[in-house]
Amino acid sequence: FVSARISYSMILRDLNFGYSYIGSVIGKHHSTIIYYCNFFDSYKRSDRIFKEMHEEILYKFQKNDVTIFDIKQLDLEKQINSIEIPDNSDTQAQNH
C-alpha cells in the first residue's frame with residue numbers, strides 16, 4: 001500500500017494539491033506526504049515495478065479511466081465495523 005500512497009501523493013501534488021490536503025485524504029501527516037514526494041524520483045529510478053505501476057496509474061488517471069472513491073478512512077472503518085458476520089457455529093455443529 002505504501003507504493004500506492006506514494007504514487008497517489010505525487011499525482012495530487014502534480015495537480016497542485018497541498019501536502020496537508022493530501023495527507024488528510026489518505027490519513028497521513030503532511031510531513032509524510034513531503035517525504036513521499038521527496039523520495040518519489042529515487043524510488044521510481046530504483047524500482048522498476050513501482051515505475052511501471054505508477055506510469056500505468058498515471059496513464060489511466062490522465063485518460064479519466066479510473067474510479068475515484070471519496071471515502072475517508074474513518075468512514076470506511078465504520079462501515080466495515082458495522083458489517084455483521086453471521087455466526088455459523090450452530091449450523092456447523094448440526095451438520096457434524
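This report describes the nonpolar core, the helix packing and a few single residues of a predicted model.

## The nonpolar core

In soluble globular proteins, nonpolar side chains tend to be buried together. The largest nonpolar core here has 11 residues: Ile6, Met10, Leu12, Ile22, Ile26, Ile33, Tyr36, Cys37, Phe40, Tyr43 and Phe50. At least two residues of this core come from each of helix H1 (2-14), helix H2 (19-26) and helix H3 (30-46). The most are given by H3, which supplies 5 residues.

Leu12 is one of the core residues. Leaving aside residues up to four places away in sequence, Leu12 is in contact with Phe17 and Ile22. Ile22 also belongs to the core.

## Helix H2

Three residues of H2 are buried: Ile22, Gly23 and Ile26. They lie on the same side of H2, because the arc they cover around the axis is only 100 degrees. After H2 comes Gly27, which has a positive phi near 75 degrees.

Tyr21 is also located in helix H2. Is Tyr21 buried, exposed or partly exposed? Its relative accessibility is 44%, so Tyr21 counts as partly exposed, since the partly exposed class runs between 20% and 50%. Tyr21 and Ile33 are 12 residues apart along the chain, and 9.6 Å separates their C-alpha atoms.

## Packing of H1 and H4

Two packed helices are described by the angle between their axes and the distance between the axes. For H1 and helix H4 (residues 48-62), the angle is about 45 degrees and the axes are 10 Å apart. H1 is therefore oblique to H4, as 45 degrees is neither under 35 nor within the range of 65 to 115. The crossing of these two helices, H1 and H4, is right-handed.

Which residues of the two helices meet? On the H1 side they are Ser3, Ala4, Ile6, Ser7, Met10 and Ile11. On the H4 side they are Phe50, Met53, His54, Ile57, Leu58 and Phe61. Ile6, Met10 and Phe50 are also listed in the nonpolar core.

## Ser7

Ser7 is found in helix H1. Its relative accessible area is 0%, so Ser7 is buried; the cut-off for buried is under 20%.

What does Ser7 touch, if residues up to four places away in sequence are not counted? Ser7 has contacts with Phe50, Met53, His54 and Ile57. These four are among the H4 residues that meet H1.

Conventions. Residues are numbered from 1 along each chain as its sequence is written. This is a predicted model: local features need pLDDT of at least 70, side-chain atom pairs count only at pLDDT 80 or more; totals for chains, interfaces and linings use all residues. Side-chain values use heavy atoms; hydrogens and water are left out. A nonpolar core is a set of buried Ala, Val, Leu, Ile, Met, Phe, Trp, Tyr and Cys residues joined through side-chain atoms within 4.5 Å. Buried means under 20% relative accessible area, exposed over 50%, partly exposed in between (1.4 Å probe, protein chains only). Contact means heavy atoms within 4.5 Å. The arc is that of the directions from the helix axis to the C-beta atoms. Axes are lines fitted to C-alpha atoms, for helices over the stretch in contact, and angles run from 0 to 180 degrees between N-to-C directions. Angles under 35 degrees count as roughly parallel, over 145 as roughly antiparallel, 65 to 115 as roughly perpendicular and the rest as oblique. A crossing is left-handed if the near helix is turned anticlockwise from the far one by less than a right angle, and right-handed if clockwise.
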